[in-house]
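I sat down with this one to see what I could look up in an afternoon. Here are my notebook pages, in the order I wrote them.

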Amino acid sequence: MPKAKSNVEIKNRRASFDYEFLETYTAGIVLSGTEIKSIRAGKASLVDAFCYFNNGELYVKNMHVAEYHWGSWGKHDPRRDRKLLLNRKELNKLQRAVKEKGLTIVAIKLYIAQNGYAKLLIALARGKKEFDKRQSIKEKDLRREMDRAGY
């Protein structure tokens, strides 16, 4: 029986302003205790979240999942490093790409999939320069003006 669609969608809005996304991947997350309950309640944040490799495995750092307020069983550290689940081919591709200068892996969006599991959308990204950020702001302002004018 299919699960009900969840409307939990936690985004990292700052990432699209600071980085240019080259490729995106959907990764599962290894969670413990009451972390999934906190995520389903929307009590998570991706501000300053990034991914790194340790012994050939990918981890997300600085992802904040608040402690579950209801009950005391299975308490977790809100800022602990969490392992990401990707297939070996994707991990190898990302590991080779990260060794290039200027590329990193950032967390874009945390959501609950149709099957009830928490998923993290990550991107291989290159940092934007100051003039790229100004260009993004101009494009956003232009789009806003076009929407207001009714085009």
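What follows is a set of short entries on the core, one strand, a few backbone angles, the salt bridges and the surface.

**Entry 1: before anything else**

I noted at the top of the page that this is a predicted model.

**Entry 2: the core**

I began with the inside. I know that in soluble globular proteins, nonpolar side chains tend to be buried together. Here the largest nonpolar core has 29 residues. I asked which members touch the most others. They are Leu58, Met63, Leu84, Leu94, Leu110, Leu120 and Ile122.

Next I looked up which elements give two or more residues to this core. The list has strands β2 (19-29), β4 (50-54), β5 (57-61), β8 (103-112) and β9 (118-127), along with helix α3 (88-98). The most comes from β8, which gives 5 residues.

I picked Leu58 for a closer look. Setting aside residues up to four places away in sequence, I found that Leu58 touches Cys51, Tyr52 and Phe53, then Arg82, Lys83, Leu84 and Leu86, then Leu91 and Leu94, and finally Ile105 and Ile122.

**Entry 3: strand β4 and its partners**

I stayed with β4, since I had just met three of its residues. In a regular strand the side chains alternate between the two faces of the sheet. I wanted to know which residues of β4 are on the covered face and which on the uncovered one. Cys51 and Phe53 make up the covered face, while Phe50, Tyr52 and Asn54 are on the uncovered face.

Then I looked at the pairing. β4 runs antiparallel to β5, and 5 bridges join them. In that pair, Cys51 stands opposite Val60. The two strands form a hairpin with 2 residues between them. β4 is also antiparallel to β8, with 2 bridges joining them. On that side I found Phe50 opposite Val106.

**Entry 4: positive phi**

I checked the backbone next. Most residues other than glycine have a negative phi, so I wrote down some that do not follow the habit.

- Asn55, in the turn of the β4-β5 hairpin, has a positive phi of about 55°.
- Asn62 has a positive phi of about 70°. I placed Asn62 in the loop between β5 and β6 (64-65), and it is partly exposed at 25% relative accessible area.
- Asp48 has a phi near 65°. Asp48 belongs to the loop between β3 (44-45) and β4, and with a relative accessible area of 58% it is exposed.

**Entry 5: salt bridges**

How many salt bridges does the structure hold? I have 10 on the page. Side chains of opposite charge can pair when their charged atoms come close. I took three pairs in turn.

Glu35 and Arg80 form a salt bridge, with their closest N and O atoms 2.9 Å apart. Glu35 is in helix α2 (residues 35-40) and Arg80 in the loop between β6 and β7, so this pair ties together parts that are 45 residues apart in sequence. I then asked whether Glu35 is buried or exposed. Glu35 is buried, at 0% relative accessible area. Arg80 is partly exposed, at 22%.

Arg14 and Asp18 also form a salt bridge, with 3.1 Å between the closest N and O atoms. Both are in helix α1 (residues 13-18) and are 4 residues apart, so about one helical turn separates them. Arg14 is exposed at 51% relative accessible area, whereas Asp18 is buried at 19%. I double-checked that last call: buried means under 20%.

Glu9 and Lys11 meet through their side chains at 3.6 Å, N to O. Glu9 is partly exposed, with 44% relative accessible area. I also noted that Glu9, Lys11 and Lys109 are linked in a network of salt bridges.

**Entry 6: Leu85**

I looked up Leu85 in strand β7 (residues 82-85). Leu85 is partly exposed, with a relative accessible area of 44%. Beyond its neighbours within four places in sequence, Leu85 is in contact with Ala27, Gly28, Ile29 and Val30. I also took one distance: from Leu85 to Arg40 it is 19 Å, C-alpha to C-alpha, and the two are 45 residues apart in sequence.

**Entry 7: a patch on the surface**

I finished on the outside. Leu142, Met146 and Tyr151 make a nonpolar surface patch of about 410 Å². Tyr151 is in the segment after α4 (130-149), and at 78% relative accessibility it counts as exposed.

Note on methods: Residues are numbered from 1 along each chain as its sequence is written. This is a predicted model: local features need pLDDT of at least 70, side-chain atom pairs count only at pLDDT 80 or more; totals for chains, interfaces and linings use all residues. Side-chain values use heavy atoms; hydrogens and water are left out. A nonpolar core is a set of buried Ala, Val, Leu, Ile, Met, Phe, Trp, Tyr and Cys residues joined through side-chain atoms within 4.5 Å. Buried means under 20% relative accessible area, exposed over 50%, partly exposed in between (1.4 Å probe, protein chains only). Contact means heavy atoms within 4.5 Å. Patches are made of residues with over 30% relative accessible area and no salt bridge: like charges are joined within 9 Å, nonpolar side chains (Val, Leu, Ile, Met, Phe, Trp, Tyr) within 5 Å. Accessible areas come from the Shrake-Rupley method with a 1.4 Å probe; for residues, only the protein chains shown count as cover. A salt bridge is a side-chain nitrogen of Lys or Arg within 4 Å of a carboxyl oxygen of Asp or Glu. Two strands pair if DSSP finds at least two bridges between them.
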